[in-house]
Each structure stands twice: as structure tokens, then as C-alpha cells.
Amino acid sequence: MLLAEDPATLINHTINNFNINPDKLAVSRIHESLSTLQQARDLRVREAEAGLKKLSRQLATASSQHAELAASHAPADHADRIARLDTTKFRTAKAASDAEMDAERLALQAADLAARLQELELQGVEGDEAARRRDPVDDEVLLRLKVYRSLGIDIERDERDGEWSKAVIRNDRKGDVHVVNMDKKFSRYFYANYFWQTL
């Protein structure tokens, strides 16, 4: 009976019994989804390629700038420049210290000479008899005491050995008084420098 039917009719009946329209619609939706997904992927790939090109350009620019900076600032040149600056700074500081010491020494000499000049002016051209009879060592000590007193410094001797043991420094501008106990282990230059700093 089945073999007696027309093959075309049999195929049509078979197709109608399978009902493939929902499957065709599902396949069509899948194709649309795949197409949309492919477009999204292509867009992301293009964006990633553009970002990569931009980063590559930035890297090339940064590498070029780094090479220029490295070439213009060689570590050896920098170290040499620092060493030269340190040497110049040391020499300048030493010259300033030497100049300060010379200035203090010259100020002391000027004060000594001014006091000596005043003493000579008081004695006159010939000098008085008492001045001629005085011991030159005593004259020198008295002259120094006068210089110190004119600067506001009083120096006292130790009663036991006669050495200078204490100095009282008055600073009228600041309105203060310093008492310095003088020790033999420090040099005269140390005390002179300290007196000038206090004044």
C-alpha cells in the first residue's frame, strides 16, 4: 500500500508531519545573534587596536625623551659637577673663616694702636718723668688693660699666681654682663674670639 503511493506525496506528508518551521525560526535567531556578536567583537578588536597604536606612540615618545635625558645628564658628569661644587663650597667657607680671623686680629691691633696713640698724646712729645721711670712691661700691661676697659672688658688677676683668671664683659647695647673664668688650657686667641663674639 505504501509502495503504491507517489514518492512526492510521501515526501510532502513526511515534511508536514515533522513541522520544521519552529526549528527554522530558531536557526534564524541564532544566525542573527551570531551576526550581532561578531559585529561587537569586531568593534572591540578595532578599539583595542587603536588603543594599542596610541600606547605604542606614547611609548616611543617616552623612550625618545628618556634617551635624550640620559644622554644630557650622564652620571659621571653629575658626580664631577657635585665634586666641583663641594670643593668650591669648602674653599669659600675656608676663605670666609680666614677673613673673619684676619678681621678680628686687625681689630685687636687697631684697638691696641688707638690706645697706644692716646697714651702717647697724653704724655706729650718728650713724655713725663713718671712714664720714663716705669717698667716697659708694666706699660704694656696697663695699655692692654686700658684697651680692654675701653671695650667694656674688666680682667682680674688670680691672687695666688698673678695670672689672669676672670673677665667681666659688659655690653651696653644689649644691656647684659658676662663673667668668664679663664682657664690656662685655652689659648689667648680663643678668649679674644669669645670676647669679640660677646661684644
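# A first look at the chain

Welcome to this structure, whose chain has six helices and three strands. It is a predicted model. Starting at the N terminus, the elements follow the order α-α-α-α-α-β-β-β-α. Below are some places to visit as you turn the model around.

**The chain as a whole**

- Of the 199 residues in the chain, 12% are buried.
- The chain exposes about 16800 Å², and 58% of that area comes from carbon and sulfur atoms.
- Among contacts in the chain with a separation of 6 or more, 31% join residues 24 or more positions apart.

**The largest nonpolar core**

- Eight residues make up the largest nonpolar core: Leu145, Ile153, Ile155, Ala167, Ile169, Val180, Tyr191 and Phe195.
- At least two residues of this core come from each of strand E1 (153-157), strand E2 (164-171) and helix H6 (188-198).
- As background, nonpolar side chains in soluble globular proteins tend to be buried together.

**His178 and its surroundings**

- Look for His178 in strand E3, which covers residues 176-181.
- Is His178 buried, partly exposed or exposed? With a relative accessible area of 28%, His178 is partly exposed, because buried means under 20% and exposed means over 50%.
- Val168 sits ten residues away from His178 along the chain, and the C-alpha atoms of these two residues are separated by 5.7 Å.
- Which residues does His178 contact, once its neighbours within four places in sequence are set aside? They are Ala167, Val168, Ile169, Tyr194 and Thr198.
- Two of these contacts, Ala167 and Ile169, also appear in the largest nonpolar core.

**Salt bridges in helix H3**

- How many salt bridges are counted here? The count comes to two.
- One of them pairs Lys94 with Asp98, whose closest N and O atoms are 3.1 Å apart.
- Lys94 and Asp98 both belong to helix H3 (residues 75-123), where they are four residues apart, about one turn of the helix.
- Lys94 has a relative accessible area of 46% and is therefore partly exposed; Asp98, at 33%, is partly exposed as well.
- Asp102 forms a salt bridge with Arg105, and here the closest N and O atoms are 3.6 Å apart.
- This pair also lies in helix H3, with Asp102 and Arg105 three residues apart, about one turn of the helix.
- Asp102 counts as partly exposed at 38% relative accessibility, and Arg105 counts as partly exposed at 41%.

**Helix H2: a surface patch and an annotated region**

- On the surface, Ile30, Leu34 and Leu37 form a nonpolar patch. Together these three residues have about 280 Å² of accessible area.
- Leu37 belongs to helix H2, which spans residues 21-72.
- Why does Leu37 count as partly exposed? Its relative accessibility is 42%, so Leu37 falls between the limits of 20% for buried and 50% for exposed.
- An unreviewed UniProt entry places a "coiled-coil region" at residues 45-72.
- In the model, the span of residues 45-72 is 100% helix and 0% strand, and its end C-alpha atoms lie 40 Å apart.

Key
Residues are numbered from 1 along each chain as its sequence is written. This is a predicted model: local features need pLDDT of at least 70, side-chain atom pairs count only at pLDDT 80 or more; totals for chains, interfaces and linings use all residues. Side-chain values use heavy atoms; hydrogens and water are left out. Patches are made of residues with over 30% relative accessible area and no salt bridge: like charges are joined within 9 Å, nonpolar side chains (Val, Leu, Ile, Met, Phe, Trp, Tyr) within 5 Å. Accessible areas come from the Shrake-Rupley method with a 1.4 Å probe; for residues, only the protein chains shown count as cover. A salt bridge is a side-chain nitrogen of Lys or Arg within 4 Å of a carboxyl oxygen of Asp or Glu. Buried means under 20% relative accessible area, exposed over 50%, partly exposed in between (1.4 Å probe, protein chains only). Contact means heavy atoms within 4.5 Å. A nonpolar core is a set of buried Ala, Val, Leu, Ile, Met, Phe, Trp, Tyr and Cys residues joined through side-chain atoms within 4.5 Å. UniProt positions are given in the numbering used here, feature names are shortened, and annotations may be inferred rather than shown by experiment.
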